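Q: Please take a close look at the largest cavity of this protein. Which residues line the largest cavity, and how is that lining made up by class?

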Amino acid sequence: MLALHEFHEGLNGRFTEVNGAEAVNDYGDWLAEHAALRESAGVLDLSFRGRLCLTGVDRARWLNGQTTNNVKDLRAGEGCYAAVVTARGKLESDLNVWRLPDELLLDFEPGHTEALTQRLEKYIIADDVQVADAGPHYSLLSVQGPKAEMVARSLGLPVEIPAKPMHFASVKDATLGEIYLMNQPRLGTQGFDLFVPAAALGAVLDKLIAAARAVGGRACGWRALEAGRIEAGIPRFGADMDETNLAPEAGIEQRAISYAKGCYIGQEVIARIRTYGQVAKSLRGLRLADDLKELPAKGDKLFHEGKDVGYITSALASPALKANIALGYARKEANQIGTRLKLRNAHGESAVQIVETPFQAGI
């Protein structure tokens, strides 16, 4: 259960589960929440996400050998997006890695704390590295949208707001404790994450919501965040990519993979894909038909010239675009922008077209 379950209930919060973890689904008007994320600022309690802390003198060098991106060369105050993969290049998790002065902070999808901890500890042999669950000690809040910086500034913290994505600053407050402010645009535009001591969570969240309301924003839930994510064409681990996918298939290559760093588990497979050609399938943006009786379910099949070439992962009746859209995989012979496919499921057959992401108005 969320630590602030009763707080959210007091805001008319309605709840859902994400990978077994409780999250606020909405506060009674998800469309207004979605509009806030696009037009002003939305405040989210993301404390249901997983958080691990790595300590020990070998932590950066060691984690660099476990992830697809360059962790070793991060400086304190910087972060990166990365993936953990198997020796065969298959995804085990994606994660944000933040380099604090004396530790590494990992932020990842909910429900994976135990599995990711076991995966990491499996490869600690003679290394001075310790893995600890940071969830009970630090909570995660987020403010997203074009006015997110105004909301972050309204906290009045004596710290310079980090200007670049994946950079952060920290400040010690006599009342609230040490807070970490990360420039983290989760929907591809502007946004900030705040790692807050658990004891100060309610006070900081209350201030953020009041500040968001002052600029036309509001508290937002999972449904609005997911809608914004799909519109931005951003894949989510557990929805659009999982243990069956190679990292380059999922459209995260530019953000998550360094081809200049040293060795890591799974590197040979990923490097070979880059050297010798395309992956067999890739994640694509899909424009669905307007007259669907029901949105397609995850796994519904896509066809091209009668051949099964892919499947749906996430689908949305987009309030911003006033169109039915989806993310899904299509094989390389049928995944070019503009290619027309057919969706077949229990509701019949309908037209699909591959389009660029982020999705644009008028598609």
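A: In this predicted model, the accessible surface of the chain comes to about 16,100 Å². Carbon and sulfur atoms account for 48% of that surface. Turning from the outside to the interior, 55% of the 363 residues of the chain count as buried.

The cavity itself may now be considered. The count gives one cavity of 30 Å³ or more, and the space in the largest cavity is about 50 Å³. Two elements each give two or more residues to its lining, namely the strands β2 (21-26) and β3 (42-45). The lining residues are A23, V24, Y27, L44, D45, L46, F48, C220, G221 and W222. By class, eight of the lining residues are nonpolar, one is polar and one is charged. The charged residue is D45 and the polar one is G221, because Asp counts as charged and Gly as polar in this scheme.

The setting of the cavity is a chain that contains nine helices and 19 strands. Among contacts between residues at least 6 apart in sequence, 66% join residues at least 24 apart. Along the principal axes, the C-alpha atoms fill a box of roughly 65 × 50 × 35 Å. The radius of gyration of the chain is 21 Å, which agrees with the value near 21 Å that a compact globule of 363 residues would have.

Terms used: Residues are numbered from 1 along each chain as its sequence is written. This is a predicted model: local features need pLDDT of at least 70, side-chain atom pairs count only at pLDDT 80 or more; totals for chains, interfaces and linings use all residues. Side-chain values use heavy atoms; hydrogens and water are left out. On a 1 Å grid over the protein atoms alone, a cavity is a set of points where a 1.4 Å probe fits but cannot get out, and a pocket is an open set with protein on both sides within 12 Å along at least five of seven lines; lining residues have an atom within 4 Å of a point. Grid points are joined across faces, edges and corners, and a volume is the space filled by probe spheres set on the points. Helices (H or I, at least four residues) and strands (E, at least two) are DSSP runs, numbered from the N terminus. The radius of gyration is taken over C-alpha atoms; the globule rule is 2.2 Å times the number of residues to the power 0.38. Buried means under 20% relative accessible area, exposed over 50%, partly exposed in between (1.4 Å probe, protein chains only). Contact means heavy atoms within 4.5 Å. Accessible areas come from the Shrake-Rupley method with a 1.4 Å probe; for residues, only the protein chains shown count as cover.
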